[in-house]
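Here are a few short exercises to work through with the model open beside you. Try each task before you read its solution.

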Amino acid sequence: QTELALENYASACAAVQNVLLSLHSEQIATKWATGPVIRTPAFRELVRAEPQDRIVALIMIGDEKGNKPRRRRNKCDVLHDL
C-alpha cells in the first residue's frame, strides 16, 4: 500500500470514531464492525461501492440497555444520513 492509501484509511477510521462518539453523546449504542459481509457482491451493490472502494466500517446502531426502544428508521433514511 502507498503512504497516501494508508493515510486515507487512517482518516476514514478517525471519521468513523467521531461518528461513534457523536452517536454515544445522543445515548445511541454503537458497534464498529467489519467482516466477510463487506466483500460480498450483494453488500457492495447495496452500498453502491465501486470495485476500487475500500469499506472500513459497518456501524451497527441500537439502544443502550435499559432505554425505551426508538422508532425503527427506514434504511433509505439511514443511508441518506450517512
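**Exercise 1. Find how many aromatic pairs the whole structure holds.**

Solution. This is a predicted model. Ring centres must lie within 6.5 Å to pair. A search of the whole structure on that basis turns up 0 aromatic pairs.

**Exercise 2. Work out which charged end sits over the ring of tyrosine 9.**

Solution. Start from the cut-off: CZ of Arg has to be within 6 Å of the ring centre and within 35 degrees of the ring normal. The charged end of arginine 54 sits over the tyrosine 9 ring, at 4.4 Å from its centre.

**Exercise 3. Lay out the order of the elements from the N terminus.**

Solution. First, take stock: the protein has 3 helices and 2 strands. Then read along the chain from the N terminus, which gives α-β-α-β-α.

**Exercise 4. Place isoleucine 59 and decide whether it is buried, partly exposed or exposed.**

Solution. Begin with its element: isoleucine 59 belongs to strand β2, which covers residues 58-63. Next, recall that buried means under 20% relative accessible area and exposed means over 50%. Isoleucine 59 has 30% relative accessibility, so it counts as partly exposed. Finally, look at its partners: Ile59 joins Val19 and Ile61 in a nonpolar surface patch, and together they have about 220 Å² of accessible area.

**Exercise 5. Describe burial, surface and contacts for the protein.**

Solution. Of the 82 residues, 17% are buried. The exposed area is about 7000 Å², with 55% of it supplied by carbon and sulfur atoms. For contacts with a separation of 6 or more, 62% come from residues 24 or more positions apart.

Note on methods: Residues numbered from 1 in each chain as written. Predicted model: local features only at pLDDT ≥ 70, side-chain atom pairs only at ≥ 80, totals over all residues. Heavy atoms only, no water. Patch = residues over 30% accessible without salt bridge, like charges linked within 9 Å, V, L, I, M, F, W, Y side chains within 5 Å. Areas by Shrake-Rupley, 256 points an atom, 1.4 Å probe, with all protein chains shown as cover. Salt bridge = Lys/Arg side-chain N within 4 Å of Asp/Glu carboxyl O. Helix = DSSP H or I, 4+ residues; strand = E, 2+ residues; numbered from the N terminus. Buried < 20%, exposed > 50% of the residue type's maximum accessible area, 1.4 Å probe, protein only. Contact = heavy atoms within 4.5 Å. Phe/Tyr/Trp six-rings, centres within 6.5 Å; stacked < 30°, edge-to-face > 60°.
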